[in-house]
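The exercises below concern the structure shown here. Each consists of a task and a solution in steps.

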Amino acid sequence: MDTETYQEGRVVHQPEYIDGHSVEIPILKILKQDGSVYKNADMPKIDQQHATKIYHTLAFHRVLDERMVASQRQGRLSFYMTALGEEAAIVGSAAGLDDNDMIMAQYREQGALIYRGFSLENFMNQMFSNEKDLGKGRQMPIHYGSKDLNYMTISSPLCTQVPQAAGYAYGQKLKGNKQCTICYIGEGASSEGDFHAGLNMAAVHRAPVIFFCRNNGYAISTPSTEQYAGNGIAARGVGYGIKTIRVDGNDLLAVLKATQEAREYVINENKPMLIEAMSYRLGAHSTSDDPSGYRTREEEAKYAAHDPILRMKNWMLAQNWWDEEQETVLFEDLRQKILAAVKVAEVIDKPAIDELITDVYDVPSAQLEQQLSTLKEHIKKYPDAYPVTAGRIK
Amino acid sequence: MAQMNLLQAINNALEIAMTENESAVCFGEDVGHFGGVFRATSNLQEKFGKARCFNTPLTEQGIMGFANGLASQGSVPIAEIQFADYIFPAFDQIVNESAKFRYRSGNEFNVGNLTIRTPYGGGIAGGLYHSQSPEAYFAHTPGLKIVVPRNPYQAKGLLLAAIRDKNPVIFFEPKKLYRASIGEVPEEDYQLPIGKAEVVKSGSDITLLGWGAQMETLEKAADMAEKQGVSCEVIDLRSILPWDADTVAESVQKTGRLLINHEAPLTGGFAGEIAATIQDMCFLHLESPISRVCGLDTPFPLSHEKEYMPDELKTFEAIMASVNY
């Protein structure tokens with residue numbers, strides 16, 4: 001056996017076993033629900049300006065989710081996904097990074113994009129798949145992406161971003177400009193083969209990537225008790241030789257602290273880190289889902305009492321960095337702005353028909369050009385049947 | 001007979017199969033207590049217990065590998081992949097394992113008891129990843145059977161045949177018809193043949209061939225053409241693999257013209273395979289080139305879904321072009 005990789009353990013002469021649950025994994029908590037901080041807790045780096053930006057992001061997030069679900073219910077929007085209950089995990093981790101760090105999200109991380117400064121108009125244009133959408137109206141709502149903001153465009157197939165994050169971060173290491181990648185993932189998607197492949201690749205090739213698992217208890221209807229038999233997702237990091245921490249995902253300060261330290265570690269050591277944030281998906285999986293088919297109101301109410309945004313607000317109030325009047329003004333202002341933005345975006349034209357064939361390749365093939373040309377002639381013959389594009393074909 | 005939608009017909013077939021055979025097991029993501037995201041497996045856990053109808057972890061390759069093992073042991077796995085768009089992590093297990101289990105072992109082992117159910121196709125504003133029709137990838141794999149039903153009656157009879165077939169079968173369910181397609185379905189057990197096409201409507205001028213949700217499109221286009229005096233014979237292929245070349249050829253020898261319609265992109269789509277075979281079998285009978293009305297050679301779009309789809313207007317135009325060739 002290779003002496004460098006072979007670690008000799010304690011030698012025994014009677015069988016001894018390691019129980020799957022014998023590794024004790026502590027959970028980091030800094031902030032209590034009432035806004036007070038645990039005695040002796042290590043605080044993250046945070047000042048009033050940073051805290052205010054974080055809180056504004058949380059508020060935007062909550063109101064955006066509320067308004068877009070309402071828009072979907074009114075039939076104005078085809079689909080939406082909230083991150084209700086998980087906002088602190090998402091925003092707290094995004095706030096622990098540098099703006100040049102890469103974000104590779106799963107799909108429920110709009111909070112990270114809000115924190116980065118994605119405009120309300122950009123959110124709306126994507127959701128209404130109009131011609132101003134950066135993604136050219138091709139993907140379902142919430143599949144955002146922004147090169148400028150270092151936020152990789154969302155892909156619906158689960159977990160594909162995990163090995164990609166290892167590769168992206170490896171490239172950052174080669175470039176040597178002290179940047180890292182954060183890769184978000186749910187505890188459900190962590191069952192995919194790509195999860196295991198990605199963690200192993202990152203560990204073996206020492207990629208500066210933070211794997212951030214939002215353990216929210218459910219994959220659509222499947223509770224985490226039917227998802228894995230081990231000690232959550234954190235235990236797997238240990239198995240791949242990855243430094244790992246578990247945090248209270250509803251505790252923004254704990255998430256921020258863990259992410260700040262993770263960033264330092266992955267960049268300085270050129271190694272990955274795994275953060276498992278324990279939370280609860282308070283909302284439905286998506287607007288296509290109805291949780292009453294698989295869980296009780298009582299269960300939801302129990303977790304609703306741990307509202308992460310209220311917890312952060314209580315802390316802000318205790319610092320005298322926030323007051324109830326600011327709260328009322330901010331939320332009302334956001335409601336008005338978001339409602340107005342919906343009204344603008346929903347009437348903007350869909351992309352012109354020419355965009356159907358762009359970006360399949362760097363330039364459309366001759367065959368695609370021919371197909372488009374035939375399609376245009378057809379639409380011109382039957383304009384009433386293709387109202388989205390017919391009026392703008394020359 | 002009872003009125004059922006396509007989901008109810010599938011649920012009914014699963015219940016019959018699980019009642020008849022104690023080793024029949026249904027599983028997949030959200031399939032258990034919840035009954036699947038489309039509710040095709042509703043109440044099966046209640047009736048047959050958690051050991052025979054259950055949620056799996058979120059891993060398509062795990063579902064298919066598990067199903068292969070279970071089938072090789074002699075049980076009857078009916079595995080669900082939540083959307084056909086998400087079948088690709090399981091591609092290796094299906095293409096290299098399910099399809100080759102019998103051949104590579106000299107029939108020492110086989111996974112013939114395996115059935116894979118998965119919803120496919122457009123029509124739900126699903127964009128790139130909730131709309132694809134991946135049948136052609138699997139049609140390139142000897143050892144698999146591929147079945148696509150067009151309505152509730154077909155779905156029940158074909159699914160029962162798929163479950164009892166002694167070969168691995170992929171059963172693609174047209175999800176846009178799950179609740180939209182309603183029809184008379186016998187409550188008792190029956191089977192429809194795998195590998196046999198069905199002439200849905202007789203005609204004399206052109207043969208229109210399709211499967212699954214596109215059968216509605218063909219029937220609408222046929223109605224439009226009839227008003228122009230063109231008599232269309234409409235055929236539902238039902239099985240992509242093996243496919244019933246004889247029924248198609250017999251029709252084309254009568255009509256002299258063939259149009260094939262599928263949602264998947266044109267290039268590399270199964271229509272190409274059909275066209276090659278039929279020109280070989282019917283060369284001297286053909287009055288015009290075999291026509292393919294298919295999806296464009298792009299990923300499945302969201303805002304341009306209507307434009308992308310091989311709809312009845314495009315089909316009608318192609319019928320008239322073929323007749324006037």
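**Exercise 1. Backbone outliers in chain A**

Task: Locate A:Asn150 among the elements of chain A, describe its phi, and classify its exposure.

Solution. The model is a predicted one.
- Step 1. A:Asn150 sits in the loop that runs between helix H4 (120-127) and helix H5 (161-175) of chain A.
- Step 2. Its phi is positive, about 55°, although A:Asn150 is not a glycine. Most residues other than glycine have a negative phi.
- Step 3. The count for A:Asn150 is 18 other C-beta atoms within 10 Å. A residue is buried at 20 or more such atoms and exposed at 12 or fewer, so A:Asn150 is partly exposed.

Task: Repeat the steps for A:Lys178, a residue with phi near 55°.

Solution.
- Step 1. The loop between H5 and strand S3 (181-186) of chain A holds A:Lys178.
- Step 2. The phi value of A:Lys178 is positive, and the residue is not a glycine.
- Step 3. A:Lys178 has 14 C-beta neighbours inside 10 Å and therefore counts as partly exposed.

**Exercise 2. The sheet of chain A**

Task: In what order do the 6 strands of the open sheet in chain A lie, and which strands stand at the edges?

Solution.
- Step 1. The order is S1-S7-S8-S4-S3-S2 (chain A), with parallel pairing.
- Step 2. Strand S1 (27-28) and strand S2 (102-104) of chain A are at the edges. Each has a single partner strand, so one side of each has no neighbour in the sheet.
- Step 3. For one pair inside this order, take strand S4 (residues 209-215) and strand S8 (residues 273-278) of chain A: they run parallel and are joined by 6 bridges. A:Ile210 has A:Met273 in S8(A) as its bridge partner.
- Step 4. H8(A) packs on the sheet and touches S1, S4, strand S7 (243-248) and S8 of chain A. The direction of H8(A) makes about 170° with that of S8(A).

**Exercise 3. One face of a helix**

Task: Which residues of helix H10 (residues 308-318) of chain A are buried, and what covers them?

Solution.
- Step 1. The buried residues in H10(A) are A:Pro308, A:Arg311, A:Met312, A:Trp315 and A:Met316.
- Step 2. Viewed down the axis of H10(A), these residues fall within an arc of 140°, so they line one face of the helix.
- Step 3. The cover over them includes helix H1 (48-73), helix H2 (87-94) and helix H8 (252-269) of chain A.
- Step 4. Just after H10(A) comes A:Asn320, with a positive phi of about 60°.

**Exercise 4. The sheet of chain B**

Task: Describe the open sheet of 7 strands in chain B and the helix H3 that packs on it.

Solution.
- Step 1. The strand order is S3-S2-S4-S5-S7-S6-S12 (chain B), and the pairing is mixed.
- Step 2. Strand S3 (53-55) and strand S12 (239-241) of chain B are the edge strands, each pairing on one side only. From one strand to the next, the twist averages 20°.
- Step 3. Helix H3 (residues 60-73) of chain B packs on the sheet and touches strand S2 (24-28) and strand S4 (76-80) of chain B. The angle between the directions of H3 and S4(B) is about 170°.
- Step 4. Strand S5 (residues 115-120) and strand S7 (residues 169-174) of chain B run parallel, with 6 bridges between them. B:Tyr120 stands opposite B:Pro174 in S7(B).
- Step 5. In the loop between S12 and helix H9 (245-255) of chain B lies B:Pro242. The peptide bond from B:Leu241 to B:Pro242 is cis, with omega near -10°.

**Exercise 5. Domains and the contact between chains**

Task: How is chain A divided into domains, and how many of its residues are in contact with chain B?

Solution.
- Step 1. Chain A consists of domain 1 (21-284 + 294-345) and domain 2 (353-392). Their centres, taken over C-alpha atoms, are 38 Å apart.
- Step 2. In the contact between the chains, 40 residues of chain A meet 32 residues of chain B.
- Step 3. Helix H12 (residues 366-381) of chain A supplies the largest share of the chain A side, 6 residues.
- Step 4. By class, the chain A side has 20 nonpolar, 16 polar and 4 charged residues.

How values were computed:
Residues are numbered from 1 along each chain as its sequence is written. Chains are lettered from A and ligands numbered from 1 in the order in which they are written. This is a predicted model: local features need pLDDT of at least 70, side-chain atom pairs count only at pLDDT 80 or more; totals for chains, interfaces and linings use all residues. Two residues are in contact if their C-beta atoms, placed from the backbone, lie within 7 Å. Helices (H or I, at least four residues) and strands (E, at least two) are DSSP runs, numbered from the N terminus. Ala, Val, Leu, Ile, Met, Phe, Trp, Tyr, Cys and Pro count as nonpolar, Asp, Glu, Lys and Arg as charged, and the others, Gly among them, as polar. The arc is that of the directions from the helix axis to the C-beta atoms. Two strands pair if DSSP finds at least two bridges between them. Axes are lines fitted to C-alpha atoms, for helices over the stretch in contact, and angles run from 0 to 180 degrees between N-to-C directions. Domain bounds come from an automatic or database domain assignment.
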